[in-house]
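The following note is offered to a colleague who is meeting this structure for the first time. It proceeds point by point, from the pocket to the chain as a whole.

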Amino acid sequence: MKTWITAAALGLAMAGAAMADPVLGTWKTQVDDGNYAHVKMQKCGENVCGTIAKAFDANGPITTANLGKNLVWAMVPAGDGYYKSGKIWQPSTDKIYKSKMSLSGNTLKVSGCVGPICKKQTWTRVN
């Protein structure tokens, strides 16, 4: 009986790890207006959100009022590494884009539009 309980607990733990969303972790954005960020992606309910964990300029880490702010929110996992119906904030313009993301290994393609203006970036996994 003890062996069965241990096996069941181990199975549940492994299933939980397997169900962890692969986009979770920290991502490096592309340079925008001379700066870039490390964005920590985490679960927010059933969706995925990301906050600015660190910010950098060409000389290294910088202090900014944007640290801790949401950069990505309400991304809906759509399966096979795709995320839809989310929003991404661009700090340099203070615009919020209706966005989607596509994950492939350690590369995350993010894109979004505000009206007819659309932008995209490729982020790389930090951890």
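1. A term is needed at the outset: strands, labelled E, are DSSP runs of at least two residues, numbered from the N terminus. The model under discussion is a predicted one. With that label in hand, the lining of the largest pocket can be described by element: E9 gives the largest share of it, four residues. Strand E9 covers residues 117-125.

2. The largest pocket itself has a volume of about 550 Å³. Its lining consists of 27 residues, and those closest to the centre are Asp 32, Trp 89, Gln 90, Pro 91 and Gln 121. Besides strand E9, at least two residues of the lining are supplied by each of strand E2 (36-44), strand E3 (47-57), strand E6 (82-90), strand E7 (95-104) and strand E8 (107-114). By residue class, the lining contains twelve nonpolar, eleven polar and four charged residues.

3. The secondary structure of the chain should be kept in view when these labels are read. The chain has one helix and nine strands, arranged along the sequence as α-β-β-β-β-β-β-β-β-β. There are 127 residues in the chain, of which 29% are buried.

4. How many aromatic pairs does the structure hold? There is one. A pair of aromatic rings is described by the distance of the centres and the angle of the planes. For Tyr 36 and Phe 56 the ring centres are 4.8 Å apart and the planes meet at 10°; because planes under 30 degrees apart count as stacked, this pair is stacked. Tyr 36 belongs to strand E2 and Phe 56 to strand E3, so the pair ties together parts that are 20 residues apart in sequence.

5. The surroundings of these two rings also deserve comment. Phe 56 has a relative accessibility of 9% and therefore counts as buried, the limit being under 20%. Over the face of Tyr 36 lies Lys 28, at 4.7 Å from the ring centre.

6. Two disulfides are found in a search of the whole structure. When the bonded cysteines are numbered in sequence order, the pairing reads 1-2, 3-4.

7. One of the disulfides is formed by Cys 44 and Cys 49, with sulfur atoms 1.9 Å apart. The torsion about its S-S bond is about 75°, so the disulfide of Cys 44 and Cys 49 is right-handed. As to exposure, Cys 44 is partly exposed at a relative accessible area of 29%, whereas Cys 49 is buried at 11%.

8. Another disulfide joins Cys 113 to Cys 118, with an S to S distance of 2.0 Å. Which hand does the link of Cys 113 and Cys 118 have? It is right-handed, with 105° about the S-S bond. Cys 113 counts as partly exposed, at 29% relative accessibility.

9. Two backbone values may catch a reviewer's attention. Most residues other than glycine have a negative phi, and most peptide bonds are trans. Asp 80, although not a glycine, has a positive phi of about 55°. Asp 80 is placed in the loop between strand E5 (70-79) and E6. With a relative accessible area of 76%, Asp 80 is exposed.

10. Asp 94 likewise has a positive phi of about 55° without being a glycine. The loop that holds Asp 94 runs between E6 and E7. Is Asp 94 buried or exposed? Its relative accessibility is 57%, and since exposed means over 50%, Asp 94 counts as exposed.

11. Leu 108, found in strand E8, offers a view of the interior. Its relative accessible area is 0%, so Leu 108 is buried. The C-alpha atom of Leu 108 is separated by 8.1 Å from that of Val 23, although the two residues are 85 residues apart along the chain.

12. Lys 40, in strand E2, closes the list. Lys 40 has a relative accessible area of 42% and is partly exposed. Between the C-alpha atoms of Lys 40 and Leu 71 the separation is 9.3 Å, and these residues are 31 residues apart along the chain.

Definitions and conventions: Residues are numbered from 1 along each chain as its sequence is written. This is a predicted model: local features need pLDDT of at least 70, side-chain atom pairs count only at pLDDT 80 or more; totals for chains, interfaces and linings use all residues. Side-chain values use heavy atoms; hydrogens and water are left out. On a 1 Å grid over the protein atoms alone, a cavity is a set of points where a 1.4 Å probe fits but cannot get out, and a pocket is an open set with protein on both sides within 12 Å along at least five of seven lines; lining residues have an atom within 4 Å of a point. Grid points are joined across faces, edges and corners, and a volume is the space filled by probe spheres set on the points. Ala, Val, Leu, Ile, Met, Phe, Trp, Tyr, Cys and Pro count as nonpolar, Asp, Glu, Lys and Arg as charged, and the others, Gly among them, as polar. Rings of Phe, Tyr and Trp (its six-membered ring) pair if their centres lie within 6.5 Å; planes under 30 degrees apart count as stacked, over 60 as edge-to-face and the rest as tilted. Buried means under 20% relative accessible area, exposed over 50%, partly exposed in between (1.4 Å probe, protein chains only). A charge sits over a ring if NZ of Lys or CZ of Arg is within 6 Å of the ring centre and within 35 degrees of the ring normal. A disulfide is a pair of cysteine sulfur atoms within 2.5 Å.
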